[in-house]
Every structure is written in C-alpha cells, then in structure tokens.
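Subject: A structure for you to look at

Hello,

I am passing on the structure I mentioned, with some notes on what turned up in it. Please have it open while you read.

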Amino acid sequence: APAVSAAGRRRSGRPRAMSTEQIATARRMYAAGSHSVETIAATLGVSRATVYRHLDDQ
C-alpha cells in the first residue's frame, strides 16, 4: 500500500454541521442584534443548540 501523508488522510467521524463561513455568518448576525438565535438557526439550516455551541466558542 502506498504511504499517505497525514494531510492526505480522510477525516473520520461525523461531518461538521456548520462550515467556517456559516459560523462567521452566524456570529455576525448575532452581533448585529437584529436576529434571534432561532432565526439564525433557521436561516443556516441547523438547530438552535448548534448555533449556541458555536457562539459560545468565541
């Protein structure tokens, strides 16, 4: 079997629910104060818990 570098390996496990762009968008919307977490979640197609998880990472 050919050697595979660490950078070339497939990621295992469940894929992330939000991309880095979506996380940035959610943080901008929340910081603006004009969108509720529920609205942000609906816009991005994820759950409120997912939005809160990424807002808490700041």
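Below I go from the overall picture to the helices, the core and a few single residues.

First, please keep in mind that this is a predicted model. The average pLDDT of the protein chain is 89, and 86% of the residues reach at least 70. Among the elements, helix 2 has the highest mean pLDDT, at 97, while helix 3 has the lowest, at 95.

**The overall picture**

The protein chain has three helices and zero strands, so to speak an α-α-α pattern when you read along the sequence. Of its 58 residues, 22% are buried. The chain exposes about 4700 Å², and carbon and sulfur atoms supply 49% of that area. Looking at contacts with a separation of 6 or more, you will find that 42% of them join residues 24 or more positions apart.

**Helix 2**

A good place to start is helix 2, which spans residues 37-44. Its buried residues are V37, I40, A41 and L44. They cover an arc of only 100° around the axis, which puts them on the same side of the helix. On the face turned away from that buried side you will see the exposed residues E38, A42 and T43. The buried residues of helix 2 pack against helix 1 and helix 3. Just after helix 2 comes G45, with a positive phi of about 75°.

**Helix 3**

Helix 3 covers residues 48-56, and T50, V51, H54 and L55 are buried there. Seen down the helix axis, these residues fall within an arc of 135°, so they line one face of helix 3. Their packing partners are helix 1, residues 20-32, and helix 2.

**The core**

Which residues make up the largest nonpolar core? There are eleven in all: M18, I23, A26, M29, V37, I40, A41, L44, V46, V51 and L55. Helix 1, helix 2 and helix 3 are the elements that give two or more residues to this core, and helix 2 gives the most, with four. As general background, nonpolar side chains in soluble globular proteins tend to be buried together.

M18 is a nice core residue to click on. Setting aside residues up to four places away in sequence, M18 touches I23, A26, L44, V46, T50 and H54.

**Two residues to compare**

Is H54 buried or exposed? This residue lies in helix 3, and it counts as buried because its relative accessibility is 7%, below the 20% cut-off. Apart from its neighbours within four places in sequence, H54 is in contact with R16, M18, I23 and R27.

Q58 sits in the segment after helix 3. With a relative accessible area of 63%, Q58 is exposed. How far apart are Q58 and R27 in space, C-alpha to C-alpha? The distance is 8.8 Å, although 31 residues separate them in sequence.

If you want a short route through the model, begin with the buried side of helix 2, move on to the buried residues of helix 3, and then look at the contacts of M18 and H54.

Happy exploring, and best wishes

Conventions. Residues are numbered from 1 along each chain as its sequence is written. This is a predicted model: local features need pLDDT of at least 70, side-chain atom pairs count only at pLDDT 80 or more; totals for chains, interfaces and linings use all residues. Side-chain values use heavy atoms; hydrogens and water are left out. Buried means under 20% relative accessible area, exposed over 50%, partly exposed in between (1.4 Å probe, protein chains only). Contact means heavy atoms within 4.5 Å. Accessible areas come from the Shrake-Rupley method with a 1.4 Å probe; for residues, only the protein chains shown count as cover. The arc is that of the directions from the helix axis to the C-beta atoms. A nonpolar core is a set of buried Ala, Val, Leu, Ile, Met, Phe, Trp, Tyr and Cys residues joined through side-chain atoms within 4.5 Å. pLDDT is the predictor's confidence in each residue, from 0 to 100.
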